[in-house]
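The following note is addressed to a colleague who is meeting this structure for the first time. Its points are numbered so that each may be checked against the structure shown here.

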Amino acid sequence: MADSNDTVTIAAGEGSPGTALMGIGAYRPRRVVSNEEICEKIDSTSEWIYERSGILNRRVADKDESVIFMSSEAARKAVASAGIDPELVDALIVCTSTYETYVPHAAPQVAQNIGRNGIAAFDITAGCSGFGYGLAVASNMVRGGGARYVIVVGVERMSEGIDWTDRNTAFIFGDGAGAVVVGPSDTNDISQVVWGSDGEQSEAITLTKTLREYIDETQKAPAPAPFLVMDGSKVFRWAAVQIAKASARTLEAAGVTADQIQAFIPHQANGRINSAMAKHLGLPDTVAIANDIEQHGNTSAASIPLAMETMLREGQAKEGEIALCIGFGAGLSYAGQVVRLPAAPPAD
């Protein structure tokens, strides 16, 4: 007679007591688009754009710089930065809202490109907070024994979903990819995530039409594709208040105070929002604040790893320092973590 279910023990995976960022990599498209070029299509000035957003330039991907290509390049660099055998990578997560097709998803193709075909690979779509969601999942996978090392990629081609004549959105977004390797550690260097969403205000960032509506329109006559639209004032008010509170909760959950961090790496949505959050948190003047938005714009799910890579590469932050990261945007959703920074990436 078979054992009863009460006597069956299901084995648990043997994970790591802690997790850490082992390496970081980035890919930025070749083409630089200035505010002056943006103003050729909208009624504005470079000064107005900079005052409103903190943006001077952004990168725009060419046809050969696809989501898959940019992700693969950033992932390769992250593994090289980590200095680990690629064979130890058991999973890969691509965080994006701009991959061009639903099926197949992006991650398995990126895994194949970096020589790890066959590993667990999946996409996460959570808007501008996507990287934080992916980092939380990866860290829990390593802690729980589901993977030894996990690559997390934040990547976007925002330029394909923008109406370049829309004065509200044309100047905001850019393209690019950033990646990190999450691995085991005897000490915990990635905090528990603090995350959430506000579906009641989800229409603050949306598309002009659904895919179904677009298909119905094109069956009758040629029609413009869906474009991203945003109620900037509503998003600004939500972020300045709610995300500052979420950032404070992230510090509390990590057992870290504002005067114990050396770097603040918020989603690069708007320079004014980031300044308001830093003030609300009472960050000391000694804390380095990421300003990747000035030269690369808002790259959505890619913005935090890109900003982190810039700070490390340019010496604004150093290996081993403590950083507060907070992503927020479409959904409306957010995700925050406190992390110990990895080493600066090798020079290209």
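1. The note begins with one side chain and its surroundings, in what is a predicted model. With residues up to four places away in sequence set aside, L283 touches A258, I261, F264 and A278.

2. L283 also belongs to a wider nonpolar grouping. It is among the residues with the most contacts inside the largest nonpolar core, together with I243, L251, I261, F264 and F328. That core has 41 residues. Two or more residues apiece are given to this core by α7 (232-254), α8 (271-281), β13 (322-329) and β14 (333-340). The largest share is that of α7, with seven residues. Where does this core lie with respect to domain 1 and domain 2? Both domain 1 (18-185) and domain 2 (194-341) give residues to the core, so it lies between them. As general background, nonpolar side chains in soluble globular proteins tend to be buried together.

3. A second core should be kept apart from the one just described. This separate core has 37 residues, and A126, V152, V193 and V339 are included in it.

4. The domains themselves deserve a point. The assignment for this protein gives domain 1, covering 18-185, and domain 2, covering 194-341. Their C-alpha centres are 14 Å apart. The contact between the two takes 45 residues from domain 1 and 40 residues from domain 2.

5. Within helix α7, S247 is a useful residue to inspect. Is S247 buried or exposed? Its relative accessibility is 0%, and because buried means under 20%, S247 counts as buried. Apart from neighbours within four places in sequence, S247 is in contact with M277, L281, L324 and I326.

6. P266 may be examined alongside S247. P266 is part of strand β11, which spans residues 263-266, and is buried at a relative accessible area of 0%. Beyond residues up to four places away in sequence, P266 touches N274, M277, A290, I304 and I326. M277 and I326 thus appear in the contacts of P266 and also in those of S247. By contrast, P266 and S16 are 250 residues apart along the chain, and their C-alpha atoms are separated by 27 Å.

7. A loop residue comes next. T169 is found in the loop between β6 (149-157) and β7 (175-185). T169 has a relative accessibility of 0% and counts as buried. Which residues does T169 contact, once neighbours within four places in sequence are left aside? They are I162, D163, L228, V229 and M230. T169 and G232 are 63 residues apart in sequence, with a C-alpha to C-alpha distance of 8.7 Å.

8. The last point concerns a pair of helices. The axes of α3 (residues 67-82) and α4 (residues 106-113) come within 9 Å and cross at roughly 50 degrees. This angle makes α3 oblique to α4. The crossing in which α3 passes α4 is right-handed. On the α3 side, the contact is made by I68, S71, S72, A75 and R76. On the α4 side, A106, Q109, V110 and N113 take part.

How values were computed:
Residues numbered from 1 in each chain as written. Predicted model: local features only at pLDDT ≥ 70, side-chain atom pairs only at ≥ 80, totals over all residues. Heavy atoms only, no water. Helix = DSSP H or I, 4+ residues; strand = E, 2+ residues; numbered from the N terminus. Buried < 20%, exposed > 50% of the residue type's maximum accessible area, 1.4 Å probe, protein only. Contact = heavy atoms within 4.5 Å. Core = buried A, V, L, I, M, F, W, Y, C linked by side-chain atoms within 4.5 Å. Domains from an automatic or database assignment. Axes fitted to C-alpha atoms, helices over the stretch in contact; angles between N-to-C directions. Parallel < 35°, antiparallel > 145°, perpendicular 65-115°, else oblique. Left-handed = near helix turned anticlockwise from the far one by under 90°.
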